[in-house]
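Here are some notes to help you find your way around this structure. Please keep the viewer open as you read, and take the points in order.

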Amino acid sequence: MNKPLRIAIFASGSGSNFQAIADAVQGGKLDASIELLVCDRPQAPVVQRAQEAGVAVHTFRPKEYPSREAYEQEILELLRGKQVDLVVLAGYMRILTDVLVGAYWGRMINIHPSLLPSFPGLHAVRQALVHGVKVTGITVHVVDGGLDSGPILAQRALDIVPGDTEQSLSERIHPMEHELLPHVISQIASGQIDLEPYINLKPKDGIHS
Ligand code: GRF
């Protein structure tokens, strides 16, 4: 890994987590450089956030490619060109293929708004409310090619209180994410979190075997 750590952030929407990482870098709290924002929705607000932060942006429209592998191959070449050490999925709403997951095995992390392995996939906050759990939270984990699965690096929990709605709960979850994600990246940058064991865990015969 380089020093400072060279990261790429993948996001599809608002990008408040992108902003938290960019602010931490800008404020000297995170010894990393954001080399690229990758976004599958050219109109997403995160694109403007990146432009304002002076971060290079790669947007694409998945429908314009023959396959997921084709657009991922293009992204992979960009990541390699920029010598990206760590890929951070921060609200990236697409399933990844082995093209990217395999190439960045053990060097790709994701943030998810539940206490995984509970409630993977879409609408995690809603799922927690529907199930009536009393405690939920957020998870940062290493990406292993499954849906929001992979070794867990950090979690934070919070209580669900009577009367909570998807909106009220999300409003408490988001600030926690904005603190935890830059913190985990900074621990990776400093070596406090060692990703080497996960890199070495890579199955020899493809990620799904
Ligand atoms: C976050 O809740 C994150 O956990 C999930 O997608 C959301 C992205 O929010 N994976 P934002 O675009 O960073 O505001």
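1. A word on names before we start: helices and strands here are DSSP runs, a helix having at least four residues and a strand at least two, and they are numbered from the N terminus. With that in hand, you can place His 112 in strand E5. Please also keep in mind that this is a predicted model.

2. Let us stay with His 112 for a moment. Is this residue buried or exposed? His 112 has a relative accessible area of 4%, which is under the 20% cut-off, so it counts as buried. Its side chain has a polar atom 2.7 Å from the backbone oxygen of Phe 119. The side chain of His 112 also meets that of Asp 148 in a polar contact of 3.3 Å.

3. Asp 148 has another partner worth a look. The side chain of Asn 110 makes a polar contact of 3.0 Å with the side chain of Asp 148. Asn 110, like His 112, sits in strand E5. Its relative accessibility is 9%, so Asn 110 counts as buried.

4. Now turn to the largest pocket, which has a volume of about 870 Å³. Which residues are closest to its centre? Of the 34 residues in the lining, they are Gly 91, Tyr 92, Met 93, Ile 111 and His 112. Two or more lining residues come from each of helix H1 (16-26), strand E5 (108-112), helix H5 (124-131) and helix H6 (166-190). H6 gives the most, with four residues. Sorted by class, the lining holds 15 nonpolar, 16 polar and three charged residues.

5. The ligand is a good next stop. Around the ligand you will find Ser 14, Gly 15, Ser 16, Asn 17, Gly 91, Ile 111, His 112, Pro 113, His 174 and Glu 177. Three side chains deserve a closer look. In Glu 177, a side-chain N or O atom is 2.3 Å from an oxygen atom of the ligand. For Ser 14, the distance from a side-chain N or O atom to a ligand oxygen is 3.3 Å. For His 174, a polar side-chain atom lies 3.5 Å from an oxygen atom of the ligand.

6. Next come the aromatic rings. How many aromatic pairs does a search of the whole structure find? The search finds four. One of them joins Phe 10 and Tyr 92, with 5.2 Å from centre to centre and 80° between the planes, an edge-to-face arrangement. This pair links distant parts of the chain, 82 residues apart: Phe 10 belongs to strand E1 (residues 5-10), while Tyr 92 is in the loop between strand E4 (86-89) and helix H4 (98-103). Both Phe 10 and Tyr 92 are buried.

7. Why is the pair of Phe 60 and Tyr 65 called edge-to-face? The ring centres are 6.3 Å apart and the planes meet at 85°, over the 60 degrees that the term asks for, so the pair is edge-to-face. Phe 60 is buried, at a relative accessible area of 3%, whereas Tyr 65 is partly exposed, at 22% relative accessibility. Together with Tyr 71, Phe 60 and Tyr 65 form one aromatic cluster.

8. Please check the backbone in the loop between E5 and H5, where Pro 117, Phe 119 and His 123 are found. Most residues other than glycine have a negative phi, and most peptide bonds are trans. Here, a cis peptide bond joins Leu 116 and Pro 117, with omega at about 15°. Phe 119 has a positive phi of about 60°, and His 123 also has a positive phi, near 55°. As for accessibility, Phe 119 counts as buried at 12%, and His 123 counts as partly exposed at 42%.

9. One last place to visit is helix H7 (residues 196-200), which holds Tyr 198. This tyrosine, Tyr 198, is partly exposed, with 21% relative accessibility. Its C-alpha atom is separated by 8.0 Å from that of Pro 151, and the two residues are 47 residues apart along the chain.

Methods
Residues are numbered from 1 along each chain as its sequence is written. This is a predicted model: local features need pLDDT of at least 70, side-chain atom pairs count only at pLDDT 80 or more; totals for chains, interfaces and linings use all residues. Side-chain values use heavy atoms; hydrogens and water are left out. Rings of Phe, Tyr and Trp (its six-membered ring) pair if their centres lie within 6.5 Å; planes under 30 degrees apart count as stacked, over 60 as edge-to-face and the rest as tilted. Buried means under 20% relative accessible area, exposed over 50%, partly exposed in between (1.4 Å probe, protein chains only). On a 1 Å grid over the protein atoms alone, a cavity is a set of points where a 1.4 Å probe fits but cannot get out, and a pocket is an open set with protein on both sides within 12 Å along at least five of seven lines; lining residues have an atom within 4 Å of a point. Grid points are joined across faces, edges and corners, and a volume is the space filled by probe spheres set on the points. Ala, Val, Leu, Ile, Met, Phe, Trp, Tyr, Cys and Pro count as nonpolar, Asp, Glu, Lys and Arg as charged, and the others, Gly among them, as polar. A residue is near a molecule or strand if one of its heavy atoms lies within 4 Å of it. A polar contact is a pair of N or O atoms within 3.5 Å; within protein, one must be able to donate a hydrogen and the other to accept it, and residues adjacent in sequence count only if both atoms are side-chain atoms.
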